[in-house]
Amino acid sequence: MASPNGGDDFESSLLSFEKLDRASPDLWPEQLPGVAEFAASCKNPICNSPPKWMSDLESEDIEMLKELGSLTTANLMEKVKGLQNLAYQLGLEESREMTRGKFLNILERPKK
């Protein structure tokens with residue numbers, strides 16, 4: 001076994017004080033060509049203006065997005081199930097109204 005002082009000498013011999021220029025494309029090639037340019041071009045529009053889809057939102061819509069974003073996964077799933085149930089109930093009600101209109105003959109096309 002090596003002495004404790006010998007281990008320090010070995011570690012110090014492994015140190016390298018060479019300075020590598022990370023800007024060199026030869027030493028550090030881009031992993032996905034074009035990503036750096038795309039990232040640079042996307043930085044400015046994101047910081048300066050909101051996305052196009054967000055410009056049509058009203059303050060109530062933004063508040064709802066923030067509320068939904070703050071929910072836990074379980075609470076969000078509960079909210080989605082509630083919306084599905086509401087949509088189902090609305091479909092049943094619409095079906096009843098369509099049947100009612102059919103029986104009352106209000107949906108019949110006029111005969112020519």
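The following exercises, each with a worked solution, concern the predicted model of one chain.

Residues are numbered from 1 along each chain as its sequence is written. Because this is a predicted model, local features need pLDDT of at least 70 and side-chain atom pairs count only at pLDDT 80 or more, while totals for chains, interfaces and linings use all residues; side-chain values use heavy atoms, with hydrogens and water left out.

**Exercise 1. State how many helices and strands the chain has, and give their order.**

Step 1. Helices (H or I, at least four residues) and strands (E, at least two) are taken as DSSP runs, numbered from the N terminus.
Step 2. The chain holds 4 helices and 0 strands.
Step 3. Read from the N terminus, the order is α-α-α-α.

**Exercise 2. Determine which element has the lowest mean pLDDT and which the highest.**

Step 1. pLDDT is the predictor's confidence in each residue, from 0 to 100.
Step 2. For the chain, the mean is 79, and 72% of the residues reach 70 or more.
Step 3. Among the elements, α2 has the lowest mean, 65, and α4 the highest, 94.

**Exercise 3. Compare the span of helix α4 with the expected value, and decide whether α4 lies largely in the open or not.**

Step 1. The expected span is 1.5 Å times one less than the number of residues.
Step 2. Helix α4 covers residues 73–103, which is 31 residues, and should span 45 Å.
Step 3. The end C-alpha atoms of α4 are 45 Å apart, in agreement with that expectation.
Step 4. A residue is buried under 20% relative accessible area, exposed over 50%, and partly exposed in between (1.4 Å probe, protein chains only).
Step 5. Of the 31 residues of α4, the number buried is 1, so the helix lies largely in the open.
Step 6. In the chain of 112 residues, buried residues make up 2%.

**Exercise 4. Locate the salt bridge and describe the setting of its two residues.**

Step 1. A salt bridge is a side-chain nitrogen of Lys or Arg within 4 Å of a carboxyl oxygen of Asp or Glu.
Step 2. This rule gives a count of 1 salt bridge.
Step 3. The partners are Glu 97 and Arg 100, with 3.4 Å from N to O.
Step 4. Side chains of opposite charge can pair when their charged atoms come close.
Step 5. Glu 97 and Arg 100 are separated by about one helical turn, because they stand 3 residues apart in helix α4.
Step 6. Glu 97 is partly exposed at 45% relative accessible area, whereas Arg 100 is exposed at 51%.

**Exercise 5. Describe Leu 104 and Asn 105 in the segment after α4.**

Step 1. Leu 104 counts as exposed, because its relative accessibility is 53%.
Step 2. Asn 105 has a positive phi of about 60° although it is not a glycine.
Step 3. Most residues other than glycine have a negative phi.

**Exercise 6. Place Leu 57 in the chain and name its contacts.**

Step 1. Leu 57 sits in the loop between α2 (35–48) and α3 (59–69).
Step 2. Its relative accessible area is 26%, so Leu 57 is partly exposed.
Step 3. Leaving out residues up to four places away in sequence, Leu 57 touches Ile 62 and Leu 65, where contact means heavy atoms within 4.5 Å.
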